[in-house]
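Biologist: I'm new to reading structures. Could you walk me through this one?

Modeller: Sure, let's look at it together.

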Amino acid sequence: MNRPHKQSMSELKLRRLTEHNARLREDLARPRIRVSEASANLIRYCRQTKDHLVPSVWGPVNKGEDPYGPQRQVGMCNGCVIV
């Protein structure tokens, strides 16, 4: 009686090891780049992409260019309230 239980435990361990091995193989197959290349790409992106939330670096933002500023609503007058 004890034999089938041990066999199922060993099958369970084998299945878990096989799944773990498959995950490790997937990780190994994932494309990789060097840290120096990744950091150079990040620095290049930060220098080329204007961030409106950092005016100390990029200068003040015009109201028309600011995507985070108050938006003008078309067809509504300023200060009007419709009840």
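Modeller: Let's start with a definition: a salt bridge is a side-chain nitrogen of Lys or Arg within 4 Å of a carboxyl oxygen of Asp or Glu. Keep in mind that this is a predicted model.

Biologist: Okay, so how many salt bridges does a search of the whole structure find?

Modeller: The search turns up 1 salt bridge. Its partners are the side chains of Arg30 and Asp27, at 3.1 Å from N to O.

Biologist: Are Arg30 and Asp27 buried, exposed or partly exposed?

Modeller: For that, you look at relative accessible area: buried means under 20% and exposed over 50%. Arg30 has 46%, so it's partly exposed. Asp27 comes out at 32%, so it's partly exposed too.

Biologist: And what share of the chain counts as buried?

Modeller: Just 2% of the 83 residues. The chain exposes about 8600 Å², with carbon and sulfur atoms supplying 57% of that.

Biologist: Which helices and strands does the chain have?

Modeller: You'll find 3 helices and 0 strands, running α-α-α from the N terminus.

Biologist: Where is the mean pLDDT highest and lowest among those elements?

Modeller: Where pLDDT is low, don't read the predicted coordinates in detail. Here, helix α2 (residues 35-48) has the highest mean, 94, and helix α3 (residues 55-58) the lowest, 79. The chain's mean pLDDT is 82, and 78% of its residues reach 70 or more.

Technical notes. Residues numbered from 1 in each chain as written. Predicted model: local features only at pLDDT ≥ 70, side-chain atom pairs only at ≥ 80, totals over all residues. Heavy atoms only, no water. Buried < 20%, exposed > 50% of the residue type's maximum accessible area, 1.4 Å probe, protein only. pLDDT = per-residue confidence, 0-100. Helix = DSSP H or I, 4+ residues; strand = E, 2+ residues; numbered from the N terminus. Areas by Shrake-Rupley, 256 points an atom, 1.4 Å probe, with all protein chains shown as cover.
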